[in-house]
Each structure stands twice: as structure tokens, then as C-alpha cells.
Amino acid sequence: MRLSLSRQGGGVLVVWAILDETTRLARLLQHAQRLGRIGGFEEDAVLGEITWNEQLFELYGLERSAAPIPIDRLAEHAHPDDVPEVGRFLRALLHHRRPASLTFRLQRADGISRHIRVIAEPVFDDRATLLAIRGAFQDISAQHWTEVALAATQDQLVQTEQQAAEQNRLALQLQQAIMPPTRGPMDAFDLQIAVRYRPAEKEHLVGGDWYDAMVLPSKQILLSVGDVAGHGIEAATGMVILRNALRGLAVTGAGPAQLMSWLNLVTHQMIDNITATAVCALYNPETRVLRWARAGHLPPILIREDRAAELPMIGGILLGAVSEADFEEGRIELQREDTLLMYTDGLIERTDTTLEDTQRQLLVSASRRAPAWRSGWITCSRTTAPTPTTTPASSASACAEPPPTTGGRSRGMTSPAGGGRRFARAAKCG
């Protein structure tokens, strides 16, 4: 229910509205479209009516009272160099009546140019009669200029004598700017969080691993770890898009399973040739309940007392594999002194042994070191798995624990002396 109060003369006006499930989901979708800068449209082929949502008017720079622009006039608002591509898009959509997509530069009436990706499809009845054309526009200007800047930097490095070394150093700098290798512990209500990202090699190509932890307006805590397939600028760009998209979607108040479903749609529809795995959790400090969902990712590890165990392998396909997917949601009530470890497979992945074997080694190592988790920082390094004969992949990890109460205050944190080799370190706050 939504309630509002306002003063009217000498009295008070009370207005309330009961929001049903349909209304609530519509509002969530509206927020998701706004955060993703996505505008939707539908053109009725029978009545000739055109419907735009508010975001599409904003993308075109038009007032809400303006008349929507038909899709067949798209070329009139495109950059002249993009008109041929727009023509091919319209022929596929309107003449051949097939779903089509296009990336072009939109020339607005106010002189502003925006890079837009449009996806549209025809809608037919049972007799193959065209009923409508519907689709979506997304403003991808920020992504475009990021790719242009990175591509320009690459072109400059190609001209140097030490091209390979320079590119690798640049990749590391970009990765560290996007995802700092080390971040100080974070206290959020009754949860202590520590994160760490480390590439496996000194000059390893930038990867798509990411982690995130933030307090939402609802006072719940968002925890996420993910891994975009591949390396290089495409993986880094995909990682930025998915990490930021998940942050924006989480503000809607949706649960982890719904967030994974929306993030899968973003991966499949808005990012070309990208797949990713991810695990997302929402922790409620009042109830200590952790809800979580996974998309092709390894489940988190729960360390309770002297035993480490994986959370259940609930269902969830990797992101971007199919356009629509359902994800299961897990639920667990955390206890004081519990530790939750979320990580990417680079922490345990080896070419000389199976992933199942290294997972078992990690669980054994975490169980043996359980007392150390409760006393301060420990190193969850690559030595938790059998010694590799090849260099392991990069990894990201995050660790969270509801801390014990000692005289009304949480115990402080200490750090051991650092080593010279690079590893993924999971910090346990005590």
C-alpha cells in the first residue's frame, strides 16, 4: 500500500492506494527501464496507433505531448552515414517481417547525437496476419565511448616496439581501475565484508571477474561475484555493464532469482557474444536471512564452526546462453561467527586436475583453517589446491561474516605480512 499526506486548508488530506502484484511488477519494470536507459514502443498495424513509454521520449529528446515517430521514418533521424544500415534494418523488419536489430547514431532535434541499439520484431496472429511491430531502444553511448577510448589506446600501442608488453600493462591498469585488487574491510550493520581480486600472472590480460558489495535503500546488503567469459577489452566492458546493471536492478527491491533473470536478459539482448556466470545474494540484517541465486556459477561456501560446506547447487543457467531463463532461489539463516565465501573458478581451476578435486581440497583447507577465520585475516591462496604445473587463471573472491559481539563492539582486524606472489585472498573478519 502507498500512503501520502498533504495539508488542505485547515485539514489534512490522506490518499492511499493498494498496489496489487501487477502494479508492483509494472513499477519495477519501469525502474529497470529507466536505470538501463531503455525505451519501448509498439505500433498497431491494424489501427495505426503508436505507443511509446516515457523513456523513449527522453531518448529522442521530445516532450511527452509530442507525436511518436513511426519506425519506418527512422532513417530521417539517423546520422547520414548510418542511413544504409537503417534501410537494411527496416527491410528485414517491415518487408521480410523478421526480427531485426541495429546500432546507429540518433540525431535529435536539439543537436545531440546518441548511440542507440534498437531491437524490434513483428507480431502475428494465428493466420500470419501482421498485428503490430514492437521493440526497444537502448542508449549505449557510454559503452560506445568506452570502447572507442580503449580501441584508440590499443591502436597507439600497436605502433610501439614493445607492443605486447605495453598492452598487457595497460590491461592490468584498466582492470585495477575498474576492479581494485584490494579493498578494505566493509562493515554493514551486523555483517563484515572483505574482498580481493588478483590476476594469476604479473602481466596477465585483463579478465572479466568482478565482485560487488553495497547497502541497498531497503537496508538489505547486496553481495555478488561474477565472471565474464574470455579476456581483453570485450570481457572488461561486459564486466562493467553487468556489474553496474546488477546494481541498478537491485535498487528495485527484487529478489536474487528475479535479478538473475533480468541480468540474463541484459546479457543476451544488450551485449554481443558474451556469456557470464554469477552468484548474487541479498542479506537482511534484521532477520539474518540470506537469499541467493546462481547463474552457472559455483555455489558459495559456508564455514560454520569447524566445517566448510557448499550451499546447495540450485538451478540456474549461465547468463546470456538463452533469451529467457528461470532461476531458483536459495535461503539460509546465518548465525554469528558464520563465514560465507563467494569466489570465481580461477581460485581453484587447474589444467592438470579436475575442478571437483580442487573444490574438495578447498573445502578441506577451509575446514582446517576455521579457527583462523574467526581470529582475523587468513590467506586463501592458490596453495589450497594441489600444486599446479601451469599458471592458474585470475580470480575474485568475497567473504562475509556476521561478527560476534564483544562488549558491544566488534573485534578489530589484523593482516599478516604480505608475500611477493600474486594470489586471490579471501579475508575473514573476526
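Start with the whole chain in cartoon view: it contains 9 helices and 18 strands. The model is a predicted one. Of its 430 residues, 46% count as buried. If you switch on the surface, the chain exposes about 21,600 Å², and carbon and sulfur atoms supply 50% of that area. Among contacts with a separation of 6 or more, 62% are between residues 24 or more positions apart.

**Stop 1: the five-stranded sheet**

Next, select strands 10, 11, 12, 13 and 16. These 5 strands form an open sheet in the order 10-11-12-13-16, with antiparallel pairing. Strand 10 and strand 16 (330–333) are at the edges with a single partner strand each, so one side of each has no neighbour in the sheet. Look along the sheet and follow the twist, which averages 15° from one strand to the next. As background, strands of a sheet pair through backbone hydrogen bonds, in either a parallel or an antiparallel way.

**Stop 2: strand 10 and its hairpin**

Select residues 207–215, which make up strand 10. Is this edge strand enclosed or open to the outside? Of its 9 residues, 8 are buried, so strand 10 is largely enclosed by the rest of the structure. A strand can lack a neighbour on one side within the sheet, as strand 10 does, and still have 8 of its 9 residues buried.

Now add residues 221–231, strand 11, which pairs with strand 10 in the antiparallel sense over 9 bridges. The two strands form a hairpin with 5 residues between them. Within that turn, pick K219, where phi is positive at about 75°.

**Stop 3: D227**

Stay on strand 11 and select D227. Which residue stands opposite D227 on the partner strand? The residue is D209. D227 has a relative accessible area of 15%; buried means under 20%, so D227 counts as buried. To see what surrounds D227, show G208, D209, W210, T275, A276, T277, T344 and D345, which D227 touches when residues up to four places away in sequence are left out.

**Stop 4: the other edge**

Move across the sheet to strand 13 (residues 289–295) and strand 16. They run antiparallel and are joined by 4 bridges. Select W292 and then G330 in strand 16, which is the bridge partner of W292.

**Stop 5: the helices across the sheet**

Bring back the helices and select residues 233–250, helix 6. Helix 6 lies across strand 10, strand 11 and strand 12 (276–284), and runs at about 20° to strand 10. Then select residues 256–270, helix 7, which lies across strand 12 and strand 13. The angle between helix 7 and strand 13 is about 25°. Strand 12 is thus a place to see both helices at once: helix 6 lies across strand 12, and helix 7 does too.

**Stop 6: two loop residues with positive phi**

Leave the sheet and select A128, in the loop between strand 6 (113–124) and strand 7 (130–139). A128 is not a glycine, yet its phi is positive, near 65°. Its relative accessibility is 52%, so A128 counts as exposed.

Finish at E305, in the loop between strand 14 (301–304) and strand 15 (307–310). What is the phi of E305? The value is positive, about 60°, although E305 is not a glycine. With a relative accessible area of 60%, E305 is exposed.

Conventions: Residues are numbered from 1 along each chain as its sequence is written. This is a predicted model: local features need pLDDT of at least 70, side-chain atom pairs count only at pLDDT 80 or more; totals for chains, interfaces and linings use all residues. Side-chain values use heavy atoms; hydrogens and water are left out. Buried means under 20% relative accessible area, exposed over 50%, partly exposed in between (1.4 Å probe, protein chains only). Two strands pair if DSSP finds at least two bridges between them. Axes are lines fitted to C-alpha atoms, for helices over the stretch in contact, and angles run from 0 to 180 degrees between N-to-C directions. Contact means heavy atoms within 4.5 Å. Accessible areas come from the Shrake-Rupley method with a 1.4 Å probe; for residues, only the protein chains shown count as cover.
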